[in-house]
Amino acid sequence: MALPFFASGTVVHGFGRGSKELGVPTANLADEVVDNLPDQLTCGVYCGFASVNHGTVYPMCLSIGWNPYYKNEKRTMETHIMHSFDKDFYGEILKIVIVEYIRPMLDFKSLEELKLAISSDIRISTEKLLEEKCAEFSKHKFSVHLS
Ligand code: ADP
Ligand code: MG
């Protein structure tokens with residue numbers, strides 16, 4: 001797999017399917033970023049780091065895919081940043097580095113199952129990203145690749 005993978009682009013509106021209502025907003029990256037993803041980056045959940053408008057670098061959890069639960073017809077890259085922002089950042093620049101693969105996309109039978117999976121993804125991502133081999137990407141490598 002082509003990891004780590006660095007990308008940056010504009011935050012666009014998603015499908016308004018209520019990620020925020022689940023308590024987990026996901027910043028969707030513009031189509032041109034999604035279209036330039038290497039084929040090796042298969043659909044699934046990944047963890048890494050992100051920054052908005054060249055600001056602070058935070059841990060993030062990302063999904064790439066056709067989300068089966070919502071029967072998406074379009075590929076998406078959705079980043080949940082583990083930080084509480086004061087306001088939305090649509091239209092701003094999101095830089096990410098995808099560091100590790102977590103799991104494949106799954107077809108959840110209920111919203112409850114989906115919610116449990118999301119909180120587990122966030123917990124696993126947060127833990128993994130503290131490991132030095134991951135954490136290094138939040139530092140110099142992040143700014144070097146994405147200045
Ligand atoms: P949409 O369907 O438009 O993507 P969401 O409910 O997924 O709507 O909310 C995503 C938006 O929430 C992002 O585009 C961003 O502007 C905002 N946002 C606020 N806090 C966060 C966060 N911690 N991580 C990701 N996006 C966030
Ligand atoms: Mg979203």
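Here is a quick tour of strand β3, its partner strands and the nonpolar cores. Keep in mind that this is a predicted model. Strand β3 covers residues 44-52, and 9 of its 9 residues are buried. It pairs with β4 and also with β6.

**Strand β3 itself**
- In a regular strand, side chains alternate between the two faces of the sheet.
- Both faces of β3 are covered, with Gly 44, Tyr 46, Gly 48, Ala 50 and Val 52 buried on one side.
- On the other side, Val 45, Cys 47, Phe 49 and Ser 51 are buried too.

**Its partners**
- β3 and β4 (residues 58-65) run antiparallel and are joined by 7 bridges.
- In that pairing, Gly 44 sits opposite Ile 64 of β4.
- The two strands make a hairpin with 5 residues between them, and Asn 53 in the turn has a positive phi of about 50 degrees.
- With β6 (residues 93-103), β3 shares 8 bridges, again antiparallel.
- Here Cys 47 stands opposite Glu 100 of β6.

**The nonpolar cores**
- The largest nonpolar core has 22 residues, and Leu 62, Ile 64 and Met 77 are among those with the most contacts inside it.
- Elements giving two or more residues to this core include β1, α1, β3 and β5.
- β4 gives the most, with 4 residues.
- Beyond its neighbours within four places in sequence, Ile 64 is in contact with residues including Leu 37, Leu 41, Tyr 46, Met 77 and Ile 98.
- Apart from the largest core lies another of 14 residues, including Phe 49, Met 82, Val 99 and Phe 137.

Technical notes:
Residues are numbered from 1 along each chain as its sequence is written. Chains are lettered from A and ligands numbered from 1 in the order in which they are written. This is a predicted model: local features need pLDDT of at least 70, side-chain atom pairs count only at pLDDT 80 or more; totals for chains, interfaces and linings use all residues. Side-chain values use heavy atoms; hydrogens and water are left out. Buried means under 20% relative accessible area, exposed over 50%, partly exposed in between (1.4 Å probe, protein chains only). Two strands pair if DSSP finds at least two bridges between them. A nonpolar core is a set of buried Ala, Val, Leu, Ile, Met, Phe, Trp, Tyr and Cys residues joined through side-chain atoms within 4.5 Å. Contact means heavy atoms within 4.5 Å.
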